[in-house]
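This briefing covers one helix, the charged pairs, the nonpolar cores, the aromatic pairs and one loop proline. The points are grouped by topic.

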Amino acid sequence: MEHRITCPLCEAMCGLRVTVQAGTAGAVRGNPDDVWSRGHLCPKGASLQQIHHDPDRLRQPLVRTRSGAHVEVSWDDALAEAEAVLRPVLDRHGAAAVSVYIGNPVAHNLGLETYVGALVGMAGAAGMPAYYTPGTVDQWPLNVVSALLFGGMWNAPIPDLDRTDHLMMLGANPSASQGSMLSAPDIMGRLAAIRERGGTVVVIDPRRTQTARRASEWVPVLPGTDALLLFAILHTLVEQHRLRPPPHLDDMVTGLDDVIALAARFPPERVEAATGVSAGTIRRLAAGLADADRPVLYSRIGACTQEFGTLATWLVFVLNVALGSVDRAGGALFPKAPVWSPMFMKPPDQTGPGWQFGRFRSRVRGAPEVLGQFPVSCLAEEIDTPGDGQIRGLVTVAGNPAVSAPGARRLDAALGGLDAMISVDNWLNETTRHAHVVLPGLSPLERPHCDDLYWMYAIASCVKWSDPVLAPPAGRPQEWEIMLRLAGALLGTPLPDVDVPAMDDMYTQGIIYTACQAADTPLFGRDPEEVFAALRGRGPERMIDLGVRVGPWGDDLGRRPGGLTLEEVRRHPDGLRLGELEGGRLNEVLTTPSGRIELMHPLLAADIPRLLARIDRTVDGLALTSRRHLRSNNSWLHNVAGLMRGKDRCTMLINPTDAARLGVTDGHLVDVCTTEGSIRVVAEVTDEMMAGVVSLPHGWGHGVDGTRLDVANAHPGANTNMLNPAVLIDVPSNTQVVNGVPCWVAPVSVGAD
């Protein structure tokens, strides 16, 4: 039997066909009839059946014994043990002593994505001061800039790939990521199409990635200096009178003149030494943008996770505005998401016009909150530093911060000292090995799936629903039910006694009530009771039914006869394609206090002196950058045998000039050191790295005692977050710096190999 589903592993959202025989998942192929991806498939999607059949994937809960070993127990016993370890912490210290860590896989799991808010929201209501996510290790600058410039933290325009004639990308490598905050099937094919129709693709990156190899031009830049380069490009455009008058942006932009005034301090000659990009090249890059009919700039993780990630991300949008590219075909357009999500509305704790930052601070470091979060590296010190407010209990949800968080060595040690740790996870990994209780979820083939957030960054408006391919074993709770149990426990109910259906109703009603009071939602002004009564199903299905029905093509809960409902969407296993990218949407999408694109903000202006100081700073040693691979997804696909074939991918890339100077030999071990620590790894000498920069992959560091990851442990690699300093952050966004970290490299003697 063949099932048609959407791949839940990344933002590309490709349609798949999965063959099932006698209850066993077999071949996974691209679905040529999928209205979105038309048969496109990557190695990750093809591995879904291997993930499902992984013998190390947890099917039963685990409880940690006094000896430290984890043993399988029944669900009743697991819930009882979770209550036994969590309740004393809550009774003695309150919810202020408990925190939550949410991992990246949550965004690709319908049950967790729609219901982790119940856990976080109710924990916050009970007194939890903050929670932690990898957002401050990847995308937070984009969320901050989106909130300030456009009014919503998940609301930003994307490049119109199919119509642009000049694309400039900074810190983006879609050949590995398949697109980040830019959902497009076969994105590399679309980049090739730009060149085939006579356009230009410029990649600015310290490494000549596979994406850069297929571009029109690769421009190497020293990591952490993208903001200097972008300011110099803006300076050049102004100097040469090449800015485009944007008539369609008349009366829709504020602050552009203020940014132009700042750019006067960044001429190309002043920044060329700091960036590694010559003044002549900077002027040529500016001319290329000015000469194009439909230019657009796009940046992603590499530009975010650096010392000036917020300024770099901001200046990408400033240049798109200055070139007249925003809200214009071939430029930067705002997608229309067909499914409304509660994530799209301004959080209720953000009162008043605009967005507020620094409303409270972390206990130990005094770090100001940004969008409700502290840097993820604060988690370790909040656990291991005694005093009022010390974190003594932690819930981790589909996350592995012992590998993915900077300052990982300290965090790994701190996790072992918690009084209560409960993990919702499918593997016993480097983080969950510390948990007192591990509650496993379902495999990707055992749960339904529907994307909502990523259609906010998609090149077309589609909606797809996937039913489970395989029925989960009897008695297995779904992840959203586990979230509600944990939320109820934090509110005071013993975890085994939580009334899940009642909690589900309370959570859904709370979201509806909040949305009906918020002017930036399609429910504003509606009667919450009538909205709730109109919905169908339970759990995530009810939430998606709400999102579809109040979305642009929905039936508006009965007010728009013939509009979409989840029931109608399910009748189309290949999905529904509802619309294409289009301009002319600014009045519809902007939710800033002025109703315009607000290019200047005190938070951004305050960081300019720090950027100016970077120009004359002497760089000591080499600059360390991070990278990822097409056959990997952070740390959580390293236990898939089919994805781990081939040569060792956990190597340190180094330019031949640097290798010769340091005595580093290809294929031999080197010690890499930073102020945070040191690791030993194999060197790979290659001219794909610019001189002065080395690269290590993210997500490795397996082979740790107490884990059950046979494949990953056979390919342990080295944990680069042992090197990334906990205190090195991009100030405006609280984002950890993992690109441009000063490091020192030395060869290991042959006898020590």
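Contact here means heavy atoms within 4.5 Å of each other. The model is predicted. By that contact rule, the buried residues of helix H2 pack against five strands and a helix named below, starting with strand S4 (62-64).

**Helix H2**

- Helix H2 spans residues 75-93, a run of 19 residues.
- From its first C-alpha to its last, H2 reaches 27 Å, close to the 27 Å expected at 1.5 Å a residue.
- At Leu86 the helix H2 has a kink of about 30 degrees, and the proline Pro88 comes shortly after that point.
- The buried residues of H2 are Trp75, Ala78, Leu79, Ala82, Glu83, Val85, Leu86, Arg87, Val89 and Leu90. Leu86, the site of the kink, is thus named in the buried set too.
- An α-helix has 3.6 residues a turn, so residues three or four places apart point the same way.
- The packing partners of these buried residues are strand S4 (62-64), strand S6 (98-102), strand S14 (393-397), strand S15 (420-424), strand S16 (437-439) and helix H17 (479-490).
- Gly94 follows H2 and has a positive phi, near 80 degrees.

**Salt bridges**

- There are 44 salt bridges in the structure.
- Side chains of opposite charge can pair when their charged atoms come close.
- Arg363 and Glu382 form a salt bridge through their side chains, at 3.1 Å from N to O. This pair links distant parts of the chain, 19 residues apart: Arg363 is in the loop between strand S13 (332-333) and helix H14 (378-384), and Glu382 is in helix H14.
- Arg363 is partly exposed, at a relative accessible area of 30%, whereas Glu382 is buried, at 4%.
- Glu567 and Arg536 form a salt bridge at 2.9 Å, N to O. The two lie 31 residues apart, with Glu567 in helix H21 (residues 566-569) and Arg536 in the loop between helix H19 (528-534) and helix H20 (539-549).
- Glu567 counts as partly exposed at 43% relative accessibility, and Arg536 counts as partly exposed at 44%.
- Glu567 also meets Arg571 in a salt bridge, at 3.4 Å from N to O. Arg571 is exposed, with a relative accessible area of 51%.
- One network of salt bridges with shared partners joins Glu2, Arg4, Arg17, Arg29, Asp33 and Asp574.

**Nonpolar cores**

- The largest nonpolar core contains 118 residues, and those with the most contacts inside it are Leu149, Phe231, Ile233 and Trp314.
- Helix H13 (residues 309-322) supplies the largest share of this core, 10 residues.
- Leaving aside residues up to four places away in sequence, Leu149 touches Trp314, Phe317, Thr592, Arg596, Ile597, Glu598, Leu599 and Leu604.
- Another core, of 48 residues, lies apart from the largest one; among its residues are Val424, Leu439, Leu484 and Leu486.

**Aromatic pairs**

- The count of aromatic pairs is 8.
- Phe150 and Phe317 make an edge-to-face pair, with 5.4 Å from centre to centre and 85 degrees between the planes. Phe150 lies in helix H4 (residues 140-150) and Phe317 in helix H13, so the pair ties together parts that are 167 residues apart in sequence.
- Both Phe150 and Phe317 are buried.
- Phe360 and Phe374 also make an edge-to-face pair, at 5.7 Å centre to centre and 80 degrees between the planes. Both residues sit in the loop between S13 and H14, 14 residues apart.
- Phe360 is partly exposed, with a relative accessible area of 29%, whereas Phe374 counts as buried at 4% relative accessibility.
- Tyr115, Trp480 and Tyr507 are linked into a cluster by ring pairs.

**Pro129**

- Pro129 is in the loop between helix H3 (110-126) and H4.
- Not counting residues up to four places away in sequence, Pro129 touches Ala95, Ala96 and Phe360. Phe360 is the partly exposed member of the ring pair described above.
- The C-alpha atoms of Pro129 and Ile679 are separated by 34 Å, and the two residues are 550 residues apart along the chain.

Conventions: Residues are numbered from 1 along each chain as its sequence is written. This is a predicted model: local features need pLDDT of at least 70, side-chain atom pairs count only at pLDDT 80 or more; totals for chains, interfaces and linings use all residues. Side-chain values use heavy atoms; hydrogens and water are left out. Helices (H or I, at least four residues) and strands (E, at least two) are DSSP runs, numbered from the N terminus. The expected span of a helix is 1.5 Å times one less than its number of residues. The bend at a residue is the angle between axes fitted to the seven residues ending there and the seven starting there. Buried means under 20% relative accessible area, exposed over 50%, partly exposed in between (1.4 Å probe, protein chains only). A salt bridge is a side-chain nitrogen of Lys or Arg within 4 Å of a carboxyl oxygen of Asp or Glu. A nonpolar core is a set of buried Ala, Val, Leu, Ile, Met, Phe, Trp, Tyr and Cys residues joined through side-chain atoms within 4.5 Å. Rings of Phe, Tyr and Trp (its six-membered ring) pair if their centres lie within 6.5 Å; planes under 30 degrees apart count as stacked, over 60 as edge-to-face and the rest as tilted.
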